Amino acid sequence: HQAIAAHIDKEIKKISKKPITHIIATHFHTDHHLGASYFKGAKVISTEYTAKRIQENPTAMVESMARRTGHPLKNDFPVTPHKQLKQNIRKKMTINGVPFELITPAVAHTQGDLMVYLPEDQVLASGDVMVHKVNPNSHDGNLKSWLTVLAEIRKLPVKVAMPGHGALMKAKDIADFEIFMTDFYKAVLTTFNEGGDMSDVRKRVNLDAWKKRARYEHMIGRNISAVWLQVEEENF
């Protein structure tokens, strides 16, 4: 929201005095785009799906974030993205002399994810397609497809990844996250194929790996439920 955007703006100014001309919304979850209204005149870029979700009920988005943060957020409002990209493309762009590539992968964290890759620096801003030392959220995406996207990331020359949550990730962190997500999917799928039910997944999941990451209590049940339903649908 506005206060966090102001903090980000302050930190950016320590590095560069250039104006903020563009904002890239990695997906529709409010914590990743609501502060865009702080940067007056900046053009917002997103996928078509993200733009659609932002336009559907902007008031509900602000109210939801207000409940989660405990702040009224009276001056906050979602900005409808000015440029909207189709899914499953890679688009090269240059802004203010900086070349980069916008990657809109298949369904992963959401149906409308967008990642930013800077080939000269080998830096990837992944949005919530990757998170570091934080438990992921599989509720609005599809984990089987997400694993395909992580395999594609593995093919990119990436020295540093900027995840949607958590500290910067190096190559080992990226590899570990893919293994973590793969193991979770296998645990759910195997339990389903063996005729178990959703409650049996906890017996097979490596809970110690989940407990080492933030948001364990909040996310473990939601993720098991979401991925179970995804596997059920895939095998219907």
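In this predicted model, the loop between strand 6 (115-118) and strand 7 (123-127) holds Gln122, a residue that has a positive phi of about 55° although it is not a glycine. The sign deserves attention because most residues other than glycine have a negative phi. With a relative accessibility of 24%, Gln122 counts as partly exposed, since buried is reserved for values under 20% and exposed for values over 50%. A second residue of this kind is Lys133, which lies in the loop between strand 7 and helix 4 and has a positive phi of about 60°, although Lys133 is not a glycine either. Lys133 is exposed, its relative accessible area being 60%.

Gln122 also leads to another loop, because Gln122 is among the residues that Lys159 touches. Lys159 is placed in the loop between helix 4 and strand 8 (160-163), and at 55% relative accessibility it counts as exposed. Leaving aside residues up to four places away in sequence, Lys159 is in contact with Asp121, Gln122, Met169, Lys170 and Ala171. How far apart in space are Lys159 and Ala66, C-alpha to C-alpha? The two are separated by 36 Å in space and by 93 residues in sequence.

Ala66 belongs to the buried residues of helix 3, together with Met61, Val62 and Met65. These buried residues cover an arc of only 135° around the axis, and therefore they lie on the same side of helix 3. On the other side of helix 3, Arg67 and Arg68 are exposed. Helix 3 itself runs over residues 58-69, twelve residues in total, and reaches 17 Å from its first C-alpha to its last, which is close to the 16 Å expected at 1.5 Å a residue. Just after helix 3 comes Gly70, which takes a positive phi of about 80°; here, unlike in the two cases above, the residue is a glycine.

What do the buried residues of helix 3 pack against? Their partner is helix 2 (48-56), whose own buried residues are Tyr49, Thr50, Ala51 and Ile54. The cover over these residues of helix 2 includes strand 2 (43-47), helix 3 and strand 3 (83-85), so that helix 3 appears in the description of helix 2 just as helix 2 appears in that of helix 3.

Towards the start of the chain, helix 1 can be read in a similar way. Helix 1 has twelve residues and reaches 16 Å from its first C-alpha to its last, close to the 16 Å expected at 1.5 Å a residue. Within helix 1, the residues Gln2, Ala5 and Asp9 are buried, and because they cover an arc of only 55° around the axis, they are on the same side of this helix. The face turned away from that buried side carries Ala3 and Lys10, which are exposed. Ala6, which is also placed in helix 1 (residues 2-13), is partly exposed, with a relative accessible area of 29%. Ala6 and Phe39 are 33 residues apart in sequence, while their C-alpha atoms are 8.7 Å apart in space.

The remaining part of the picture concerns helix 5 and its two partners described here. Helix 4 (residues 143-155) packs with helix 5 at an angle of about 155°, the axes being 10 Å apart, and since angles over 145 degrees count as roughly antiparallel, the two helices are roughly antiparallel to each other. Their crossing is left-handed. On the helix 4 side, the residues that meet helix 5 include Leu143, Trp146, Leu147 and Leu150, and on the helix 5 side they include Ile174, Phe177, Met181, Phe184 and Tyr185.

Helix 5 (residues 171-193) also packs with helix 8 (residues 216-234), at an angle of about 55° and with the axes 10 Å apart, which makes helix 5 oblique to helix 8. This crossing is right-handed. Among the residues of helix 5 that make the contact are Phe184, Tyr185, Val188, Leu189 and Phe192, while helix 8 contributes residues including Ile224, Val227, Trp228 and Val231. Phe184 and Tyr185 of helix 5 thus appear both in the contact with helix 4 and in the contact with helix 8.

Technical notes:
Residues are numbered from 1 along each chain as its sequence is written. This is a predicted model: local features need pLDDT of at least 70, side-chain atom pairs count only at pLDDT 80 or more; totals for chains, interfaces and linings use all residues. Side-chain values use heavy atoms; hydrogens and water are left out. Helices (H or I, at least four residues) and strands (E, at least two) are DSSP runs, numbered from the N terminus. The expected span of a helix is 1.5 Å times one less than its number of residues. Buried means under 20% relative accessible area, exposed over 50%, partly exposed in between (1.4 Å probe, protein chains only). The arc is that of the directions from the helix axis to the C-beta atoms. Contact means heavy atoms within 4.5 Å. Axes are lines fitted to C-alpha atoms, for helices over the stretch in contact, and angles run from 0 to 180 degrees between N-to-C directions. Angles under 35 degrees count as roughly parallel, over 145 as roughly antiparallel, 65 to 115 as roughly perpendicular and the rest as oblique. A crossing is left-handed if the near helix is turned anticlockwise from the far one by less than a right angle, and right-handed if clockwise.
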